[in-house]
Amino acid sequence: MESKSVGVIGGGAWGTGLAQALARGNHKVQIWALEDEVVSSINNEHENKKFLPGYKLSDSIKCSNDICEVAKDKEFLIIASPSIFLAKTLEKIVNVPNIADGSTVITAVTKGFVPSVSGPKLILETMEEVLPEIYKDCTVYVAGPSHAEEVAMGKLTGLVAASLNPKNSIRVRELLKVPGLMVYSSFDVIGVQICAAAKNVIACVYGALDALAETSDKFGDNTESLVMAAGLNEIQTLGFAMGATHAETFTSISGVGDLDVTCKSKYGRNRRFGQDLIKTDMLSKFKDIDDLIANVGKIGYLPEGAIACKYVHEISVKKDLKLPLCNALYKILNKESTVEQMLTGLQNL
């Protein structure tokens with residue numbers, strides 16, 4: 001395969017794991033990271049000790065805290081910045097020549113929603129509002145059941161590259177045709193984005209149930225399967241209300257596949273967050289969900305589902321959607337209810 005130049009904007013676990021996969025395919029990869037310690041550990045020790053500790057990275061991967069340097073002259077740019085910083089991050093690179101003229105293919109792997117005065121927006125919509133006009137309907141979204149740790153190790157992983165521009169979807173699919181990755185194309189950019197964001201909300205609920213099942217005789221494997229099935233239904237309801245176009249998006253790796261691994265994997269931060277709601281006094285640190293989002297760094301890891309929950313709730317109210325699990329989690333995080341009350345209400349699903 002011909003080597004391509006790739007910039008990864010975001011030095012978190014997922015951006016780093018994907019960079020390692022690309023380096024395994026002999027691509028030239030440079031990561032932008034905000035933290036000096038991440039830049040130093042990747043360049044000098046070939047490991048991201050802050051966000052992906054214990055996984056050795058290719059010597060060919062370079063890291064910089066100069067975002068314009070990382071974006072400059074790249075054939076592909078992968079955006080892995082957290083959703084809450086997405087717009088401000090992109091604003092820093094819009095004047096880089098190869099971004100300004102649209103010659104770089106831009107892909108997002110960020111999960112979640114972005115708040116706006118008109119309501120929560122999806123990742124690609126937000127990006128295309130910030131990027132030059134030439135990127136309209138041409139950006140690509142990549143998602144699927146893919147924990148960073150296993151991607152970094154090269155364990156077989158399936159992904160979907162969704163775009164309204166079929167040429168760019170194929171180009172990204174070909175870029176990611178590296179050892180350990182299987183990539184498919186999709187036109188359902190909304191459905192794939194909704195699956196990637198909303199499954200994290202369900203995983204938080206699943207984690208709470210998982211923790212309760214350790215000490216309660218009321219919950220077990222049957223209950224967890226109930227939550228996953230009901231959660232998938234809520235994701236599909238939300239997806240179609242937002243404009244998803246293909247039912248198979250929800251029954252393939254973007255939907256049921258990503259939901260399954262996010263709920264069950266030992267690597268899942270959202271599952272861990274749900275467990276911590278039961279096992280620790282985590283919510284005592286926060287007044288409500290807005291305070292939690294504003295001070296999410298106090299948790300010690302980033303549970304995307306806790307943030308996405310607020311925006312799923314906003315959409316459900318605006319569109320009058322029945323999303324009992326998602327909205328129950330919102331009430332818990334907003335100090336309107338308890339986990340025990342939510343799980344007692346499972347029988348009313």
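This section describes the nonpolar cores, two helix packings and several individual residues of a predicted model.

The largest nonpolar core of the predicted structure comprises 55 residues, of which F113, L238, F273 and L333 touch the most other members. Two or more residues are contributed to this core by each of α9 (189-213), α10 (221-242), α12 (253-264), α13 (269-279), α14 (289-294), α15 (304-319), α16 (324-333) and α17 (339-344). The greatest contribution comes from α9, which supplies 13 residues. The surroundings of F273 illustrate the connectivity of the core: with residues up to four places away in sequence left aside, F273 touches C204, M282, L292, I299, Y301, P303, A306 and L333. A second core, separate from the largest one, contains 39 residues, including A13, A23, L52 and V172. In soluble globular proteins, nonpolar side chains tend to be buried together.

Two packings involving α16 were examined. Two packed helices are described by the angle between their axes and the distance between the axes. For α9 and α16, the axes come within 9 Å and cross at roughly 70°. This angle falls in the range of 65 to 115 degrees, and the two helices α9 and α16 are therefore roughly perpendicular to each other. Their crossing is left-handed. On the side of α9 the contact is formed by V201, I202, C204 and V205, and on the side of α16 by L325, C326 and L329. Seven of the residues in the contact of α9 with α16 are nonpolar, with no polar and no charged residues.

The packing of α15 against α16 has an angle of about 120°, and the axes of these helices are 9 Å apart. With this angle, α15 and α16 are therefore oblique to each other. The crossing of α15 and α16 is likewise left-handed. Here α15 contributes A306, C309, K310, V312, H313 and S316, while α16 contributes C326, N327, L329, Y330 and L333. The residues of the contact of α15 with α16 comprise seven nonpolar, three polar and one charged. C326 and L329 of α16 thus appear in the contact with α9 and in the contact with α15.

Among individual positions, C195 is located in helix α9. With a relative accessible area of 1%, C195 is buried, since the cut-off for burial is under 20%. Beyond four places in sequence, the residues touched by C195 are I235, T249, F250, S254 and G255. C195 is separated from L259 by 64 residues in sequence, yet the C-alpha atoms of the two lie 7.9 Å apart in space.

The acidic residue D258 lies in helix α12. At a relative accessibility of 2%, D258 also counts as buried. Its contacts, again not counting residues up to four places away in sequence, are with G144, P145, S146, A196, K199 and I253.

Two loop residues show a positive phi although neither is a glycine. D137, with a phi of about 60°, is placed in the loop between α6 (123-130) and β6 (140-143). The relative accessibility of D137 is 34%, and this residue counts as partly exposed. K335, with a phi of about 65°, is found in the loop between α16 and α17. K335 is likewise partly exposed, with a relative accessible area of 41%.

Key: Residues are numbered from 1 along each chain as its sequence is written. This is a predicted model: local features need pLDDT of at least 70, side-chain atom pairs count only at pLDDT 80 or more; totals for chains, interfaces and linings use all residues. Side-chain values use heavy atoms; hydrogens and water are left out. A nonpolar core is a set of buried Ala, Val, Leu, Ile, Met, Phe, Trp, Tyr and Cys residues joined through side-chain atoms within 4.5 Å. Buried means under 20% relative accessible area, exposed over 50%, partly exposed in between (1.4 Å probe, protein chains only). Helices (H or I, at least four residues) and strands (E, at least two) are DSSP runs, numbered from the N terminus. Contact means heavy atoms within 4.5 Å. Axes are lines fitted to C-alpha atoms, for helices over the stretch in contact, and angles run from 0 to 180 degrees between N-to-C directions. Angles under 35 degrees count as roughly parallel, over 145 as roughly antiparallel, 65 to 115 as roughly perpendicular and the rest as oblique. A crossing is left-handed if the near helix is turned anticlockwise from the far one by less than a right angle, and right-handed if clockwise. Ala, Val, Leu, Ile, Met, Phe, Trp, Tyr, Cys and Pro count as nonpolar, Asp, Glu, Lys and Arg as charged, and the others, Gly among them, as polar.
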